[in-house]
Amino acid sequence: MSGHPEAAARFVADDAKAHWHDQSLWWVRKKRDAAAATVPDWEALRSAAARIKEHTLGRLADYLEEFEKNAVRSGAKVWFASDAAEHNAIVHRILAERGITRLVKSKSMLTEECHLNPYLEARGITVTDTDLGERIVQLRHEPPSHIVLPAIHLKKEEIGELFHGELGTDKGASDPKYLTEAARQHLRRRFLEAGAGLTGVNFAVAATGGIVVCTNEGNADMGTALPPVHIACMGVEKLVPRLEELAVFVRLLARSATGQPVTTYTTHFHGPRPDGELHIVVVDNGRSAQLANDTFRRSLSCIRCGACMNTCPVFRRSGGYSYGFVVPGPIGSVLAPGRDVGAHRTLPFASSLCGSCSDVCPVRIDLHHEILAWRQEIVRRKLVPVWKRAAMRLLAFILRFAFLYRLGAWLVRRMTPILPRAIVYSRWNVWGRQRELPPMPRRSFRALYRSRHGRA
Ligand code: SF4
C-alpha cells in the first residue's frame, strides 16, 4: 500500500512547485507570527485556551446536555450521530423530507471527514461548495489539500485554466480579481437556487445553545440567509462553556490560521431565522474513543486553525495530499492512526519531531509528543518493516555503549568519501534521496579520498 513517503516523493518530483508550496505556507506562518506579536498576552491566551478545552472535554456530557437544552429552547432541532453513516443519513433525511435537491455548503471539515458530498450526490442532490478554495477543488474533483487553504497546492494559472473550462472565463486569464469575480457570479446563481444551506460549526456555546461560524468570504452567511433551511454539522468537541470562553478562541483562531486579527465574518446563530429551520447535527465519529485515550485525548482540543501545517517542514515540502487523510499535517498524523492505525502507519513518521507544531498550536496540543507516542505504538504493534526494526535495534544497541558510538562515527567519517557514488546517489540511499545532497563531485571518490588523506 502506498504511504506518505511514496506520495511525498511524487509531490517533490516537481521541484519548483514544491519550493513554491513551501514558501507560500511559510509566508502564512510569518503572518501568524506577526499577528501573535501584536497581542501582549498571547502566551497566556494559549494557556487559557488549553485549560478551557481540558475542562470542557472533562465534562463533555454535561455541556452537551446543556447545549442541547438551550439550542432547542431557541428553536433549533438537535440531532446526534454516532458515526459518519448516521450523520450522512440525517442530513439526507432532512433534505429528502422537504424535497430539497440543491444544497449550498460552506467549509466544513466534518462533512469532508464523513464524505457527505458523494453520499448526497449519489442520491440526486446537487451540492455546491461555496468557499472559493473548496469550489476550486470541487470542480477538479479533488479533496482539500489543507484545512484552511483548500487549494493552496494550485497556482493561479492552473485555476485560470480550470475556470476557462468550467466557468467560461477568458483563455489564459489568471488575474485573481477577475477569476474571483467569475466565481462570485457563478456561485450567486447557486445560492439563489438552493433549498438549504449547510455550514460547519467553529464553536458551540453550551450556556446559550448558539453556534458560531467563522468565514472570510461571507459564503456561510449567504448560504444561511437565502435558503429557508440551515443545517449545521459539528463534532462534539466544538463546545465551549460560555461566551466568555468563546472570546479566548475567537482571538486565537484567525491569528493562528491566516495572521488576521479576526475572521471577516464571525456569525452567531441563535435559533432559526424567521420562517426558517435550523438543524444542528452533533457528530461523534470516533471522538469518544479518542477522549477515552489518555495519550491522545489532547488532540481533541484542535480548533482546526491549520497553523501546525503552515509551520511543519514536512507538510510544507510534501503537500497535503501526501497524508491521504482528511486532516493532513501534524494534527492529521495524530488523528489518522486513531481511526485506522494500519492504513495510516506511515504518518507519524512524516515528522522531523522539531516541535514547531506544538510551539504554534493555539491550544497547546503537545503534537510532537503525540506523534512520538504513535511511533512507539506502531513499533509495538509491529507495523513497521522488518528491516527498519532491525536497523533501529542495531542503533539502540550502539547507542548504549559510548565506545561503539565513537567507533561508528569514526567509520562513517572514514568511509563516506570512498563509498561508491552508485550508492550515495542511487535510489537505495533512502536517507540521502530525500535530502538536498551536494552536487555530484566531478572528481571520482577515489581521487577525493586520496586528496583528503594526503595521498598523491
Ligand atoms: S493542532 Fe493546533 S495548530 Fe494544528 S490545526 Fe489544531 S489547533 Fe491548529
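Colleague: Over how many bridges do strand 2 and strand 4 pair?

Modeller: In this predicted model, strand 4 covers residues 196-199. Strand 2 and strand 4 run in the parallel sense. In strand 4, Ala-196 is the bridge partner of Leu-103. The number of bridges in this pairing is 3.

Colleague: Which residue in strand 3 is the bridge partner of Leu-103?

Modeller: Strand 2 is also joined to strand 3, and these two strands run parallel. Their pairing comprises 4 bridges. In strand 3, the partner of Leu-103 is Val-127.

Colleague: Which strands stand at the edges of the sheet with the order 1-10-7-4-2-3?

Modeller: This open sheet is formed by 6 strands with parallel pairing. An edge strand has a single partner strand, so one side of it is left without a neighbour in the sheet. From one strand to the next, the twist averages 20°. The edge positions are held by strand 1 (77-81) and strand 3 (126-129).

Colleague: Which residue in strand 10 is the bridge partner of Gly-235?

Modeller: Strand 7 spans residues 229-235 and strand 10 spans residues 277-283. The two strands pair in the parallel sense over 7 bridges. Opposite Gly-235, the partner in strand 10 is Val-283.

Colleague: What angle does the direction of helix 10 make with that of strand 3?

Modeller: Helix 10 comprises residues 176-193 and packs on the sheet. The strands touched by helix 10 are strand 2 (102-105) and strand 3. With the direction of strand 3, helix 10 makes an angle of about 135°.

Colleague: At what angle to strand 1 does helix 4 run?

Modeller: Helix 4 is formed by residues 60-73. This helix lies across strand 1, strand 7 and strand 10. Relative to strand 1, helix 4 runs at about 145°.

Colleague: Which strands stand at the edges of the sheet with the order 8-5-6-9?

Modeller: This open sheet has 4 strands with mixed pairing. Each edge strand has a single partner strand, so one side of each is left without a neighbour in the sheet. The strands concerned are strand 8 (239-240) and strand 9 (265-269).

Colleague: Which residue in strand 8 stands opposite Val-205?

Modeller: Strand 5 consists of residues 203-205. Strand 5 and strand 8 pair in the parallel sense over 2 bridges. The residue opposite Val-205 is Val-240.

Colleague: How many charged residues are in the contact of helix 8 with helix 9?

Modeller: Helix 8 (residues 132-139) and helix 9 (residues 156-167) pack at about 70°, with their axes 11 Å apart. The two helices are therefore roughly perpendicular to each other, and their crossing is left-handed. Helix 8 contributes Leu-132, Ile-136 and Leu-139, while helix 9 contributes Ile-159, Leu-162, Phe-163, Glu-166 and Leu-167. The contact divides into 7 nonpolar residues, no polar residues and, as charged residues, 1.

Colleague: How far apart are the axes of helix 19 and helix 20?

Modeller: Helix 19 (residues 386-400) and helix 20 (residues 402-415) pack at an angle of about 115°. That makes helix 19 roughly perpendicular to helix 20. In this contact, Phe-397, Ile-398, Leu-399 and Arg-400 of helix 19 meet Ala-402, Leu-404 and Tyr-405 of helix 20. The axes of the two helices are separated by 5 Å.

Colleague: How many nonpolar residues are in the shell around the ligand?

Modeller: The ligand is surrounded by 13 residues. The closest are Cys-302, Cys-305, Gly-306, Cys-308 and Cys-361. By class, the shell has 1 polar residue and 1 charged residue, and its nonpolar residues number 11.

Notes. Residues numbered from 1 in each chain as written. Predicted model: local features only at pLDDT ≥ 70, side-chain atom pairs only at ≥ 80, totals over all residues. Heavy atoms only, no water. Pairing = 2+ DSSP bridges. Axes fitted to C-alpha atoms, helices over the stretch in contact; angles between N-to-C directions. Parallel < 35°, antiparallel > 145°, perpendicular 65-115°, else oblique. Contact = heavy atoms within 4.5 Å. Left-handed = near helix turned anticlockwise from the far one by under 90°. Nonpolar A, V, L, I, M, F, W, Y, C, P; charged D, E, K, R; others polar. Near = heavy atom within 4 Å.
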